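Open the model in your viewer and keep the selection box handy. We will go from stop to stop, choosing residues and looking at what is there.

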Amino acid sequence: MSFIDKIKEEAKKDIKTIVLPESEDIRVLQAAQTIISENIANIVLIGDAKIIKETALKNNLDLSGVTIINPNTFDNFSKYANDLYELRKNKGMTLNQAKKI
């Protein structure tokens, strides 16, 4: 068993949720599909659901099982932006940067 396979097996034992803000990047969508299909983690994509779904369709990606949150219409936007800021402030992130992401 390879090193990557060992990491995947450990991840499957304790499923976490990964939030990906760069959801219009095809590489992010490809990764999301892989993670969901291999049952490695739960995925939340931040972005416009229409754009994400269109991009997935154009690239034959199956994102069923992925949660999509549009920050423009999401009720808890401020809370999540603040949570991101708190997690990353020691690395230099500002609250405004967290809100942009």
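Start with α4, which supplies the largest share of the lining of the largest pocket, seven residues. Before going further, note that this is a predicted model, in which local features need pLDDT of at least 70 and side-chain atom pairs count only at pLDDT 80 or more, while totals for chains, interfaces and linings use all residues. Residues are numbered from 1 along each chain as its sequence is written, and side-chain values use heavy atoms, with hydrogens and water left out.

**The pocket**

Select residues 77–88 to pick out α4. Helices (H or I, at least four residues) and strands (E, at least two) are DSSP runs, numbered from the N terminus. Now add β2 and α5 (95–100), because each of these, like α4, supplies at least two lining residues. To centre the view, pick Val-19, Pro-21, Ile-46, Tyr-80 and Leu-84, which lie nearest the pocket's centre among its 20 lining residues.

Here a pocket is an open set of points on a 1 Å grid over the protein atoms alone, where a 1.4 Å probe fits, with protein on both sides within 12 Å along at least five of seven lines; lining residues have an atom within 4 Å of a point. The volume is about 650 Å³, taken as the space filled by probe spheres set on the points, with grid points joined across faces, edges and corners.

What classes of residue make up the lining? There are 15 nonpolar, no polar and five charged residues. Ala, Val, Leu, Ile, Met, Phe, Trp, Tyr, Cys and Pro count as nonpolar, Asp, Glu, Lys and Arg as charged, and the others, Gly among them, as polar.

**A bridge within α4**

Stay on α4 and select Lys-79 and Asp-83. They form a salt bridge, with the closest N and O atoms 2.7 Å apart; the term means a side-chain nitrogen of Lys or Arg within 4 Å of a carboxyl oxygen of Asp or Glu. The two are four residues apart in the helix, about one helical turn. Both are partly exposed, Lys-79 at 46% relative accessibility and Asp-83 at 30%. The scale is buried under 20% relative accessible area, exposed over 50% and partly exposed in between (1.4 Å probe, protein chains only).

**Just before α4**

Step back to Asp-75, in the loop between β3 (67–69) and α4. Is Asp-75 buried or exposed? Its relative accessibility of 76% makes it exposed. Draw a distance from its C-alpha to that of Lys-100, and you will get 16 Å for a pair 25 residues apart along the chain.

**Two bridges at α1**

By the same 4 Å rule, the count comes to seven salt bridges. Select Glu-38 and Lys-8 for one of them, with N and O 3.0 Å apart at the closest. Glu-38 sits in the loop between α2 and β2 and Lys-8 in helix α1 (residues 3–13), so the pair ties together parts 30 residues apart in sequence. Then choose Lys-13 and Glu-10, which meet at 3.1 Å, N to O, and lie three residues apart in α1.

**The core**

Finish with Leu-29, Ile-43, Leu-45 and Leu-63, which have the most contacts inside the 14-residue largest nonpolar core. Such a core is a set of buried Ala, Val, Leu, Ile, Met, Phe, Trp, Tyr and Cys residues joined through side-chain atoms within 4.5 Å. α2 (26–37), β2 (42–46) and α3 (49–58) each supply at least two of its residues, and α2 gives the most, four.
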